[in-house]
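Biologist: Please put the sequence and the structure in front of us, and then let me ask how each description of them is justified.

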Amino acid sequence: MVCEKKAIMPGDIELREFRQVGREVIDAIADYHANLALCNGLPNVTPQQVAARFLDDLSESGESAGALLADWRERVAPLLTAIGSPRHFAYVNGSGAMIGILADALAACTNPNAGAWKLGPAAAEIERQCLRWIAEFIGYPEDSGGILVSGGTMANFTALLTALRHLAPYDSTEYGLQDSARTERFLVYMADHGGHVSVTRVVDMLNLGRKSLRLVPSRPDFSMDTAELERMITEDKARGDLPLCVFAQLGSVNVGVVEPISELADVCDRHGVWLHGDGSCGLLAAGLPETRPLFKGIERADSLSFDAHKWLGVPNDCGVVLVREREQLRRAFSIAAPYLRSSLETEDVALDFLEYGPQMSRAFRALKVWMVLRFFGRQGLRELFAKNIGLARLLHDLVREHPDFEVLHEPVLYLYCFRYVPNGLAERRDEPEVQTQLDRLNQEIVDEIRRSGLAMIMTTRIRGRVAIRMSICSQRTMKEDIETTFEAIAHWGRRLYPPR
Ligand SMILES: Cc1ncc(COP(=O)(O)O)c(C=O)c1O
């Protein structure tokens, strides 16, 4: 349907101008991507300098679309970190697939409200189709329930609320956490190393209290020690508490560890505990022949989540949650109001996603997921993911072969941590002052790289010590990006701690 009226309607841009500025927007996007490989760092500005650039008053009479685009080029884009660059290795950010840009524009064009079927019938079906494709790709039941949310935190929240609704021994929909008969504490478990801080946020959001989050000791490979988990659950139950949910890390944020789902599912089954697989970073590796064995037993997880805006490269923001029993998800969020349904009881029941998650009004996120999935196809996605994993292995080889670096773990997916430990300090690395010196040295190396604009990397802490961390999940990263960045790290290491 193309309805192009000559006269513009109130609030609209005159169509000739719209077409012209629209073409300029596409040019601006193309120019931005043409230069992405050259923009690798945090813009060289202080928070005060940025704040000073955005102090102008809101205009009284409005501004033209062309003027707004010019301002975006001059003032906005240069002050944004180019997370789509091939050398962006900080946090865990997807590179933003270009097809997703077009999808976002098209989604905004029709602007359906993807909460209610009546406000976008195709949006609901496209979302359902995406969920089915994803489930099939990773080996989860295709008739599972699910929904797209804003990201990993909201996906974890959605799963934990579903677990609470399903497992509370009373009607927690009506009484929440305030049932007078309730004496037990609901408890949540995750590994003391890999567990992501978003789980703390989620426990906060449900007001379970941070003390309800039990940290289970991890094994030397950073995965949760399942024997310890079982011991803790048994003790907690004996005390009269109610173990509610285990968060398994399926690609932990520092080292990419995939925890043993089958073992965890055995423990959860024995104790009636919900098993959620937090695969924000790594779940999609379940669709890769070479990493699929790590996800053995995935179909036994009660729920799973991942961030489509991470490895899949869907532009921010988009997370996915899947719940094996669709009805459990619906029951957790279903809510009735006459103005929401507004139809005869006899009418076919359509899929209102507002019944399956925390949001009522929702963006048409599914369109960008749908287009990204279709643009790459299954094999294309596997190749992209395999490339990233291969690059992490390449980095591991470089670290292993260099005398001044310490290997901290085997690479599993695309997240890799290591440490600069030069000759002269290596022999004394266990002394407390030397450990502190190494922490500082590694942080300084990363700061210098970031300041130089060569790449964007960060540090983290591994078993308490500062380590260099690279998240290699950009679709754009190539072998030479890894080699050049590693050489620069070694170079700055030598500069900051000259061989003696
Ligand atoms: C393992 C894990 N879970 C959850 C999250 C939270 O995801 P989001 O930032 O999209 O809310 C992250 C983010 O990095 C993560 O790595």
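Biologist: Which residue in β7 is the bridge partner of Val149?

Modeller: The partner of Val149 in β7 is Gly319. Before we go on, please keep in mind that this is a predicted model, in which local features need pLDDT of at least 70 and side-chain atom pairs count only at pLDDT 80 or more, while totals for chains, interfaces and linings use all residues. Residues are numbered from 1 along each chain as its sequence is written, and side-chain values use heavy atoms, with hydrogens and water left out.

Biologist: What makes β1 and β7 a pair?

Modeller: Two strands are said to pair if DSSP finds at least two bridges between them, and strands themselves are DSSP runs of E with at least two residues, just as helices are runs of H or I with at least four, numbered from the N terminus. Between β1 and β7 there are five bridges in the antiparallel sense, so the requirement of at least two is met.

Biologist: Why is β1 described as largely enclosed?

Modeller: A residue is called buried when its relative accessible area is under 20%, exposed when it is over 50%, and partly exposed in between, using a 1.4 Å probe and protein chains only. In strand β1 (residues 145-149), five of the five residues are buried, and therefore the strand is largely enclosed by the rest of the structure. Both of its faces are covered, with Gly145, Ile147 and Val149 buried on one side and Gly146 and Leu148 buried on the other.

Biologist: How do you know whether Asn111 and Phe222 are buried or exposed?

Modeller: Asn111 has 58% relative accessibility and therefore counts as exposed, whereas Phe222, with a relative accessible area of 5%, is buried. Asn111 is found in the loop between α4 (98-110) and α5 (121-138), and Phe222 in the loop between β3 (213-216) and α9 (226-238). Phi is near 45° in Asn111, a positive value in a residue other than glycine, and Phe222 likewise has a positive phi, near 80°.

Biologist: What makes Leu167 partly exposed?

Modeller: Its relative accessibility is 23%, which falls between the two cut-offs and therefore earns the middle label. Leu167 lies in helix α6, and its C-alpha atom is 52 Å from that of Leu68, although the two are 99 residues apart in sequence.

Biologist: Why is Pro112 called buried, and how far is its C-alpha atom from that of Phe364?

Modeller: Pro112 has a relative accessible area of 12%, and so it is buried. Pro112 sits in the loop between α4 and α5, and its C-alpha atom is separated by 6.4 Å from that of Phe364, which is 252 residues away along the chain.

Biologist: Why do β8 and β10 count as edge strands?

Modeller: They belong to an open sheet of four strands in the order β8-β9-β11-β10, with antiparallel pairing. β8 (405-407) and β10 (458-462) each have a single partner strand, so one side of each is left without a neighbour in the sheet. The partnership of β10 with strand β11 (residues 465-471) is antiparallel and runs over five bridges, and within it Thr459 has Ile468 of β11 as its bridge partner.

Biologist: Now for the ligand: how many residues surround it, and what makes a residue count as near?

Modeller: A residue is near a molecule if one of its heavy atoms lies within 4 Å of it. Around the ligand there are 14 residues, and the closest are Gly152, Thr153, Asp278, Asp307 and Lys310. Helix α6 (residues 152-167) gives the most to this shell, with three residues.

Biologist: How do you know that Thr153 makes a polar contact with the ligand?

Modeller: A polar contact is a pair of N or O atoms within 3.5 Å; within protein, one must also be able to donate a hydrogen and the other to accept it, and residues adjacent in sequence count only if both atoms are side-chain atoms. A polar side-chain atom of Thr153 lies 2.6 Å from an oxygen atom of the ligand, and 2.6 Å is within that limit, so the pair qualifies. An N or O atom in the side chain of Asp278 is 2.7 Å from a nitrogen atom of the ligand, and a polar backbone atom of Gly152 is 2.8 Å from one of the ligand's oxygen atoms.
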